[in-house]
Amino acid sequence: MSFVVAIDGPAASGKGTLARRIAAQYGFHHLDTGLTYRAVARAMLDAGASLDDEEAAAELAENLDLSGLDRDVLSAHEVGEAASRVAVMSKVRAALKRAQQQFARKSPGAVLDGRDIGTVICPDADIKFYVTASDAVRARRRHAEMAAKGAAAAYDAVLADLRRRDARDSERADSPMRPAHDAYLLDTTEMDIEAAFAAAQCLIEKAI
Ligand code: C5P
């Protein structure tokens, strides 16, 4: 039996940091499912394939190796943008769903973070969180992250980009980003990672 923690939320909400903290605390496996979409997008860009080519993207998704995913390699802004375009394709989502659900069965437990974990990938997860923060705070975090990596971008452009991506992710027909009805909402607008982790840990201790 494996304990499953499902974490969803928009970009730069803090869900990834929270997922890594929880996985480290409990010795669980962690999958950042955004990386699976990013890896498909990266391969499409590298192959010079059209981002509308669902068959090509689905084939790449079918053959994706989850063990080789690296956020540093896949962090580029254009990869995130392309990822949200391939993420609207049902054949891509179906292929990645199989791989993600298999990952969720790992013992002794798994933490998966993304946009549709609590709703579609692991609807029976032992505990679900939906992590949010105001648009302005998320854009500030993303802007600071990019500046630290030497990738300067105007704050206004980062904010506009986040909003565009949120809209695409929450308005798509297949598996739109939204909180599961039984998810705990964690608003990190005025919370640092320690406070968010402490809140999540209290709830996990009751469920474990
Ligand atoms: O979280 P990250 O920014 O790496 O995700 C990149 C894109 O992948 C998202 O904007 C979203 O379109 C897609 N995604 C998704 N479902 C998930 C995880 C990510 O559609 N579970």
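Let's start with how the chain is knitted together: among its contacts with a separation of 6 or more, 80% come from residues 24 or more positions apart. Keep in mind that what you're looking at is a predicted model.

Now for the overall build. You'll find ten helices and five strands in this chain. Its radius of gyration is 16 Å, close to the 17 Å that the globule rule gives for 208 residues, so the chain is as compact as a globular protein of that length. If you follow the C-alpha trace along its principal axes, it spans about 50 × 40 × 30 Å. As for what's tucked away, 47% of the 208 residues count as buried.

With that picture in mind, let's zoom in on one pair of helices. Two packed helices are described by the angle between their axes and the distance between the axes. Here the pair is H8, covering residues 135-148, and H9, covering residues 155-171. Their axes come within 9 Å and cross at roughly 120°. That angle is over 115 but not over 145 degrees, so H8 counts as oblique to H9. The crossing of these two helices is right-handed.

So who does the touching? On the H8 side, the contact is made by Asp135, Ala136, Arg138, Ala139, Arg140, Arg142, His143 and Met146. H9 answers with Tyr155, Val158, Leu159, Leu162, Arg163, Arg165 and Asp166. Sort the residues of this contact by character and you get seven nonpolar, seven charged and one polar.

Technical notes: Residues are numbered from 1 along each chain as its sequence is written. This is a predicted model: local features need pLDDT of at least 70, side-chain atom pairs count only at pLDDT 80 or more; totals for chains, interfaces and linings use all residues. Side-chain values use heavy atoms; hydrogens and water are left out. Axes are lines fitted to C-alpha atoms, for helices over the stretch in contact, and angles run from 0 to 180 degrees between N-to-C directions. Helices (H or I, at least four residues) and strands (E, at least two) are DSSP runs, numbered from the N terminus. Angles under 35 degrees count as roughly parallel, over 145 as roughly antiparallel, 65 to 115 as roughly perpendicular and the rest as oblique. A crossing is left-handed if the near helix is turned anticlockwise from the far one by less than a right angle, and right-handed if clockwise. Contact means heavy atoms within 4.5 Å. Ala, Val, Leu, Ile, Met, Phe, Trp, Tyr, Cys and Pro count as nonpolar, Asp, Glu, Lys and Arg as charged, and the others, Gly among them, as polar. The radius of gyration is taken over C-alpha atoms; the globule rule is 2.2 Å times the number of residues to the power 0.38. Buried means under 20% relative accessible area, exposed over 50%, partly exposed in between (1.4 Å probe, protein chains only).
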